[in-house]
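Please look over the strand pairing and the helix packing of the model shown here, and read the briefing below alongside it.

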Amino acid sequence: MDDLLTRLRAGLPAEALLTDPDVTASYSRDMASFCAAGTPAVVVLPRTVEQVRHVMRTATELRVPVVPQGARTGLSGGANAAEGCIVLSLVKMDRILEINPVDRIAVVEPGVVNAVLSRAVAEHGLYYPPDPSSWETCTIGGNIGTASGGLCCVKYGVTAEYVLGLDVVLADGRLLTTGRRTAKGVAGYDLTRLFVGSEGSLGIVVGAVLALRPQPPAQLALAAEFPSAAAACEAVCAIMERGHTPSLLELMDRTTVQAVNRLAHMGLPDTTEALLLCAFDTPDPAADLAAVGELCTAAGATEVVPAADAVESELLLQARRLSLTALETIKSATMIDDVCVPRTKLAAMLDGTSAIAEKYDLTIGVCAHAGDGNTHPVVCFDHADEDESRRARESFDEIMALGLALGGTITGEHGVGVLKKEWLARELGPVGLELQRGIKHTFDPLGLLNPGKLF
């Protein structure tokens, strides 16, 4: 420990090192339940690329594991500390280095908060689409690490679609630049995509070139109430089959709707089994909403309420934004699953999750990015109740098994981390797992980068 601190201090300012155990303990984990976390030896908050390189050279020389972190808003334990590790928090590297309206790119450091970037590019008439629910606090580096998504993914895609190039410090301290600044480029293997979603297991992202889009018009939304989740999912399939391109298409099941009602007194009918929220940011959103409203009615919607303007749209969408907060009021703890299935299997996923909730005598609310099949079953439980905690974990596993059985994936945007390690192996299969472990060994032969995650 003394040798580690001495070497780190040789290349870092005093304020970049945190050693007080009470302080370092606060950096030990992210927001996931049921994920083990160790005690960091030290927390480092670098401000420059050279400082990150110094940390990695020191870690390699002394064989000390390194866990990179952003804002720790993750939900899979991917940022949890390993015992005796260096926690490398990148939140101080928070500069927007360039916004280029002609090339439609932004160059940023990893600690830039998503919302800060979004507002900065908006001043240039530009738009950075990826919008995780934690966008007011999560960082771009964390978004890249987990390949995060958000509400607008149905139209605009996830983080991976917007990362053009990266600067990455490798395990031994070398600096690698991947990708490009140009609109097109296919030179060599796509290492940029390899790092996106790698959860800090292959290298430390210290800079990113991000693609931007022109700022779209303000979106207009509607809410449609359904007598069953199956009817709402039928509407989702009809909307997508007819070629509509909503900027948002979200679904809330009965449990979630009732929780939001109790929290915010939004006046949604108790008979609502599913609420579908749809929005368009097209030149004529009212016409698009009218067409979607007809499809919802044909699928069995009991009521369709289109917004008249942007203010009313925000009021409608507030219900979706309150979903997780509302479900957290039901019990003392939650486990948030992240299973993505084909849109055609969305109804089966919701019905199956309802059956799992009944089997384990638990409250499980589902909110979903319905337009891309990404469901978020939220298991509510009392963490002080040993039996209920066990049932919560078992139900979580059954939900993931259901997703795979329906042709889906165990995570659409939250990542694997610690929480889903066992399930990643099942999804990849033995050949896929062997090759991915081989890639990890190529980049990190000593196994120092975020150990215990993914595999």
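In this predicted model, glycine 165 has valine 209, a residue of strand E10, standing opposite it. The strands concerned are E8, which spans residues 163–169, and E10, which spans residues 204–211; they run antiparallel and are joined by 6 bridges.

**The antiparallel sheet**

- Taken in order, E5-E6-E10-E8-E9 make up an open sheet of 5 strands, in which the pairing is antiparallel.
- The edges of this sheet are formed by strand E5 (96–100) and strand E9 (175–179), each of which pairs on one side only.
- From one strand to the next, the twist averages 10°.
- Helix H4 (residues 114–122) packs on the sheet, where it touches E5, strand E6 (105–108) and E10, and the direction of the helix makes about 35° with that of E5.

**The mixed sheet**

- A sheet of 4 strands, also open, follows the order E1-E2-E4-E3 and has mixed pairing.
- Because strand E1 (17–18) and strand E3 (66–69) are at its edges and each has a single partner strand, one side of each is left without a neighbour in the sheet.
- E3 and strand E4 (residues 86–89) run parallel and are joined by 4 bridges; proline 68 has leucine 88, in E4, as its bridge partner.

**Helices across the mixed sheet**

- Helix H1 (residues 2–9) lies across E1, strand E2 (42–44) and E4, and runs at about 15° to E2.
- Helix H3 (residues 49–62) lies across E2, E3 and E4, and its direction is at about 165° to E4.

Key:
Residues numbered from 1 in each chain as written. Predicted model: local features only at pLDDT ≥ 70, side-chain atom pairs only at ≥ 80, totals over all residues. Heavy atoms only, no water. Pairing = 2+ DSSP bridges. Helix = DSSP H or I, 4+ residues; strand = E, 2+ residues; numbered from the N terminus. Axes fitted to C-alpha atoms, helices over the stretch in contact; angles between N-to-C directions. Contact = heavy atoms within 4.5 Å.
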